[in-house]
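Got your viewer open? Let's take a short walk, one selection at a time.

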2 protein chains.
Amino acid sequence: MLPSSTVENYLKAIFLGQSQLTGAQRLLPMGQLALSLGVAPGTATTMVKALAESGLVEYEPYNGVRLSGAGSRLAALVLRRHRLIELFLVQVLGMRWDEVHDDAEQLEHVVSERLIERIDEVLGHPEVDPHGDPIPSREGEVVWRALDSLLTCPLHTPVTVMRVTDQDAAFLRFLEKHDLKPGQSIEVEARDEVSDSVSLKGKTDQRITIGMRAASKLLVEVR
Amino acid sequence: MLPSSTVENYLKAIFLGQSQLTGAQRLLPMGQLALSLGVAPGTATTMVKALAESGLVEYEPYNGVRLSGAGSRLAALVLRRHRLIELFLVQVLGMRWDEVHDDAEQLEHVVSERLIERIDEVLGHPEVDPHGDPIPSREGEVVWRALDSLLTCPLHTPVTVMRVTDQDAAFLRFLEKHDLKPGQSIEVEARDEVSDSVSLKGKTDQRITIGMRAASKLLVEVR
DNA sequence: ATTAGAATTTTGAGTAGTCAAAATCACCGC
DNA sequence: GCGGTGATTTTGACTACTCAAAATTCTAAT
Ligand SMILES: [Mn+2]
Ligand SMILES: [Mn+2]
Ligand SMILES: [Mn+2]
Ligand SMILES: [Mn+2]
């Protein structure tokens, strides 16, 4: 039985939630899952029990949920479609990187195997989407690249923005306006715990100071 | 309340069914509707009563159903999305004209206003889809072009194939193989009631004979 | 050890869409 | 006018998904 849009969204949310998790357990609490899906807690519990029935997740009552091998593969394929579609909308249809997420959220559930492979081909088998998120392979494998955030990278050292871990449209437009899109080169000038801020130097020597919460969402690589 | 995929499919099926109808009533029988949606007769009845509640159709028990103004506009917009998507898949993604229908059937329900307008623009505001079906306007207006079929057009006269009224993949591949796609020029050599057949002369003087049922699905225009 | 508070699960109910089969209706031929 | 036939509607039931609110369980602080 092929998974419904709802099931695909649950699997994807668990996948994403788990990837944020530290610790070997990788158990995502139901509350977090419900929150990320915008659903009542009881709803998530019910659904997760059904997913466990069909072998897509392991469920530990009162502790949380974890994807099985099959579930993980399925989730990665949804993510693959989502990210290929986002890139396609930007690259081929000229949409902005801050407006493609919602369309991709729907399209990821209906594009056929054939269609997504055509898209992949037209794009030349890309490795990352417009936000720098890695595109899982046809087989459901994701290459997890270790990246610093602006909170952990070395100071006074040129780094390249590689990835943005927040899809909020206003945030993305802010980044674009200040040349902080993936691919851009910047330097962290200073971090200050007290003022909760990080100061950056951009390409043409513009300076900008952002909050630490925002800084944590920009992932970079030392060049 | 925005219409579900199911509602959109019902409206589209009624729209298409009605367009086949002769007579001023334009009342589509429930049996026909149920058949075209692949649904049990009782299911169609229930759904149509709900559609009537929300003012999208007029329902005459035991007689049939007819779209209201609002329903008709909505149906035309679904059709607009369907046909733009089909053309896009062929033109931009290089898919074959016999394999785009199923994808379009799903995509028509999830593409956003913004996305479909981008697609329309990239395609240069086309008037017909790969099968020659007219693309309704943004406002939900369809230009009904009067066309002959191969059963009614004059004999021994060059005509241009304009439209194919059957999405069956095998049939479409057959047409392609024999240069009978929209745009091609042909002539009807003969019709024979007894053998239920129509004989055609193609571009490079190839001849081919097809059944009347098939011939009725090819719409042409005298040049 | 108790216990308050938070997280989670359970319960009861509701919506959207579907089917099979029984009941009903419309119409045509006689 | 009377039946019979086929189309249509009604009925009762089921699946998938959801919520609000009550009940339960876990945990961490006293
Ligand atoms: Mn989604
Ligand atoms: Mn993305
Ligand atoms: Mn459809
Ligand atoms: Mn078409």
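The tour starts at a metal site and then moves to where two chains meet.

Before you click, know that this is a predicted model: local features need pLDDT of at least 70, side-chain atom pairs count only at pLDDT 80 or more, and totals for chains, interfaces and linings use all residues. Residues are numbered from 1 along each chain as its sequence is written, chains are lettered from A and ligands numbered from 1 in the order in which they are written, and side-chain values use heavy atoms, leaving out hydrogens and water.

**Stop 1: the metal.** Select ligand 2, the manganese ion: A:Glu86 (OE), A:Asp129 (OD) and A:His131 (ND1) coordinate it at 2.2 to 2.3 Å. Donors here are N, O and S atoms within 2.8 Å of the metal (3.2 Å for Na, K and Ca), and water is not among the atoms, so sites may look incomplete. Along the chain, the donors are spaced E-x42-D-x1-H.

Now colour A:Asp129, which counts as buried because its relative accessibility is 4%. A:His131 is buried too, at 0%. (Buried means under 20% relative accessible area, with a 1.4 Å probe and protein chains only.)

**Stop 2: where the chains meet.** Show chains A and B: 17 residues from each take part in the contact, meaning heavy atoms within 4.5 Å.

Next, pick A:Glu99 and B:Arg114, whose side chains form a salt bridge at 3.1 Å, N to O. That term needs a side-chain nitrogen of Lys or Arg within 4 Å of a carboxyl oxygen of Asp or Glu. How many salt bridges are there between chain B and chain A? The count is two.

Key. Buried < 20%, exposed > 50% of the residue type's maximum accessible area, 1.4 Å probe, protein only.
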